[in-house]
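Got your viewer open? Here is a short tour, one selection at a time.

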Amino acid sequence: MRAVDLIRKKRDGMELTGEEIGYLIKGYSEGEIPDYQMAAWAMAVYYQGMSARETADLTLHMASSGDMIDLASIRGVKVDKHSTGGVGDKTTIVIGPLVAAAGVPVAKMSGRGLGHTGGTIDKLEAIRGFSVELGQEQFFRQVNEIGLAVVGQSGNMTPADKKLYGLRDVTATVDSIPLIASSVMSKKIAAGADAIVLDVKTGSGAFMKTLDDSIRLAKAMVDIGTQVGRSTIAVISDMDQPLGYGIGNALEIQEAIATLRGEGPKDLEEVCLILASHMLVLGGMAESEEEARAILQQKLESGEALDRLKMMVEAQGGDISQIENAELLPQAELHVEVKAETAGFVESIQAEEIGIAAMLLGAGRETKDSVIDLAAGLTLRKKIGDPVEVGEVLAVLHLNSSYEVRLEEASRKVREAYGISDDKVPRRPLVFALVT
Ligand code: URA
């Protein structure tokens with residue numbers, strides 16, 4: 001077999017066999033196929049697409065290119081949740097404890113943030129002492145004991161995806177639905193879950209800006225899950241404005257804790273309840289979404305979900321006094337208000353611009369090696385549909401003095417991110433579709 005023939009075959013719109021895809025992935029991982037040939041193949045896929053079967057084959061070859069985690073020693077149906085990334089998305093920190101309190105084990109591997117989106121692992125590190133690196137034995141033991149562990153990706157998982165994603169990033173081939181779907185699903189499959197709930201974001205802060213593209217991506221991922229024997233469903237949720245009000249690591253932990261106390265923003269609570277309900281059904285703990293929701297609401301109201309977060313924080317070496325009193329989480333030195341210059345109703349909030357503003361203040365990474373400031377970020381005061389007067393506060397920036405040089409740029413970004421209309425604006429739906 002020769003790579004050039006497979007590139008030509010894909011370029012001409014033909015379907016590659018599983019063996020041919022395996023040859024490309026293995027050859028590329030082992031350094032036998034050079035970057036320029038793999039880049040040409042990725043561009044051919046970008047234009048010609050891949051069939052559902054090819055996409056599933058690519059996923060499985062990438063999943064098995066490194067360690068495959070076997071969660072068999074954890075009791076129960078292991079259900080994973082994955083979000084395609086957004087701004088202010090702290091759902092894992094709410095859903096993990098909530099679902100664990102309802103009896104579905106959560107053995108979660110999460111990522112760090114890059115660019116305008118944050119990562120769960122960075123957020124959890126805002127809790128003093130919290131370790132995101134557990135040995136596999138300890139990871140399994142903790143899930144069996146308290147039903148919940150959230151760790152960073154360790155070992156050598158999906159190296160083929162890592163290498164290919166890096167190449168796609170610099171060859172304008174990231175935004176190909178089969179390549180995104182196989183990249184995401186290869187990691188989920190290698191992480192070992194029995195069932196997967198996907199939260200596919202749509203809108204200005206998401207990978208997929210239109211509902212149609214988000215549904216196509218969701219279908220591609222659900223198809224892969226089905227073909228490889230992992231029950232998978234996808235919820236298409238709104239990312240046309242940030243989720244909740246807090247953006248930034250400690251600020252998001254604070255909001256997640258408030259949500260587990262039943263005092264969080266309603267949009268965040270609702271998205272969490274929807275995703276968690278699906279997890280309970282797939283995990284066999286409820287027959288229907290309605291039944292699941294009733295169980296989850298009881299876990300919130302009784303405080304059991306918050307207790308579960310405390311158990312996880314304690315088990316992973318974190319300081320639970322910061323969960324009991326969120327004011328003890330890292331706090332920024334400066335708080336600067338961004339005020340409205342026009343009156344009306346908030347019509348849009350460019351979530352990506354808000355994420356970039358938070359990054360400029362230190363909350364996110366500009367490059368893989370940037371060091372983040374856990375206290376930095378911003379708190380929105382207005383969301384879509386809210387009325388606003390001239391001079392009213394749209395958002396508060398949280399920053400430490402070493403980032404003051406970025407203040408003007410960040411303030412401008414936030415102000416420009418807000419679209420204000422003269423007319424009343426309806427609230428946006430939180431969820432647009434369910435793909436099964
Ligand atoms: N996230 C991934 O993990 N892979 C992609 O290709 C895009 C987003």
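**First stop: around the ligand**

Select α9 to begin: this helix supplies the largest share of the shell around the ligand, four residues. Shell here means having a heavy atom within 4 Å of the ligand, and helices are DSSP runs of H or I with at least four residues, numbered from the N terminus. Before going further, note that this is a predicted model, where local features need pLDDT of at least 70, side-chain atom pairs need 80 or more, and totals for chains, interfaces and linings use all residues. Residues are numbered from 1 along each chain as its sequence is written, and side-chain values use heavy atoms, with hydrogens and water left out.

Now show the whole shell: Tyr165, Arg168, Ile180, Ser183, Val184, Lys187 and Phe207. By class that is four nonpolar, one polar and two charged residues.

Next, zoom in on the polar contacts (pairs of N or O atoms within 3.5 Å). Serine 183 puts a side-chain N or O atom 2.6 Å from a ligand nitrogen. For ligand oxygen atoms, try lysine 187, with a polar side-chain atom at 2.7 Å, and arginine 168, with one at 2.9 Å. The protein buries 88% of the 240 Å² that the ligand exposes when taken alone (Shrake-Rupley method, 1.4 Å probe).

Color α8 (159–169) and α9 (177–190) next; these are the elements giving two or more residues to the shell.

**Last stop: 345–421**

Select residues 345–421, where an unreviewed UniProt entry places "domain: Pyrimidine nucleoside phosphorylase C-terminal". The span's end C-alpha atoms are 5 Å apart, and its make-up is 27% helix and 29% strand (strands being DSSP runs of E, at least two residues).

Methods: A polar contact is a pair of N or O atoms within 3.5 Å; within protein, one must be able to donate a hydrogen and the other to accept it, and residues adjacent in sequence count only if both atoms are side-chain atoms. Ala, Val, Leu, Ile, Met, Phe, Trp, Tyr, Cys and Pro count as nonpolar, Asp, Glu, Lys and Arg as charged, and the others, Gly among them, as polar. UniProt positions are given in the numbering used here, feature names are shortened, and annotations may be inferred rather than shown by experiment.
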